[in-house]
Amino acid sequence: MSNENSRIKIDIAKNNKDFKLIENGSTVLKGIKPKWYSSEIQFHYNNKTYGIKKKGFWGTSFSILQSGRPIGDIVSSFKTGTKIVLKDSNLTTTPYSLKAEAVGKWYSSNKQYLLSENGETPILTIHYSVKKWKESIEAEFSDKNNANYVLLVAALFLMRRQQSAESAGAGVAMSG
């Protein structure tokens, strides 16, 4: 039962630098990409500053930071794929994985990204489509009362990384 009104709208500025999460008409979170050439992002939520920052220059892992302290990671491996690992207030870690599914016709760019806890329980769905050359991104949590916006931003970050990898791979396949 998908209710369009319970979805969180993700508004990305034309310059791809600023973004907002809008729920029921009000902005719940604002974020920026401080440097155009960097994959780092910063955002503010509940009077706290968060960030997603690359761990090392050559690495493929990212740290999720709250007020400068690590609260999680986004890690990639050939065996297990890419996972978001977040620590809760008890320092218990939970792994999340993001899986893309095509929606609609085979030639459509519409996709649904499912974020699953421990690789099993879907807790978040990101609806991605392109209409008239403009992206439309909306998200909804399976449990509306348990919305984790930090996890949502990490999932959006991971979605963008997957999209970049897919388009890079498509370019290689087409030219080679």
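H127 lies in strand β11, which spans residues 121-131. The model examined here is predicted. The relative accessibility of H127 is 16%, so the residue counts as buried, the cut-off for that class being under 20%. The side chain of H127 makes a polar contact with the side chain of E140, at 2.8 Å. E140 also appears among the residues that H127 touches. Leaving aside residues up to four places away in sequence, the full set is R7, K111, Q112, S136, I137, E138 and E140.

Two residues stand out for their backbone angles. N47 is not a glycine, yet its phi is positive, at about 60 degrees. N47 sits in the loop between β4 and β5. Strand β4 covers residues 41-45, and β5 covers 48-54. The relative accessibility of N47 is 85%, and N47 therefore counts as exposed; the exposed class begins over 50%.

K132 is the other case. Its phi is near 50 degrees, again a positive value in a residue other than glycine. K132 is found in the loop between β11 and β12, the latter strand comprising residues 134-141. With a relative accessibility of 81%, K132 counts as exposed. N47 and K132 are thus both loop residues, and both have a positive phi. H127, by contrast, is a buried residue in a strand.

Aromatic side chains were examined next. A pair of aromatic rings is described by the distance of the centres and the angle of the planes. The structure holds 4 aromatic pairs. One of them joins F43 and Y50. Their ring centres are 5.3 Å apart, and the planes differ by 10 degrees. This pair is stacked, because planes under 30 degrees apart fall into that class. Both F43 and Y50 are buried.

Another pair is formed by F141 and Y149. Here the distance is 6.3 Å centre to centre, with 85 degrees between the planes. The arrangement is edge-to-face, since the angle cut-off for that class is over 60 degrees. F141 and Y149 are both buried. These two residues also belong to a cluster: ring pairs link Y45, F141 and Y149.

The aromatic residues can be placed along the strands by their numbers. F43 and Y45 fall within the range of β4, 41-45, and Y50 falls within that of β5, 48-54. The stacked pair of F43 and Y50 therefore has one ring in each of the two strands that flank the loop of N47. F141 is the last residue of β12, which runs over 134-141.

Technical notes
Residues numbered from 1 in each chain as written. Predicted model: local features only at pLDDT ≥ 70, side-chain atom pairs only at ≥ 80, totals over all residues. Heavy atoms only, no water. Helix = DSSP H or I, 4+ residues; strand = E, 2+ residues; numbered from the N terminus. Buried < 20%, exposed > 50% of the residue type's maximum accessible area, 1.4 Å probe, protein only. Polar contact = N/O pair within 3.5 Å; in protein donor to acceptor, adjacent residues only side chain to side chain. Contact = heavy atoms within 4.5 Å. Phe/Tyr/Trp six-rings, centres within 6.5 Å; stacked < 30°, edge-to-face > 60°.
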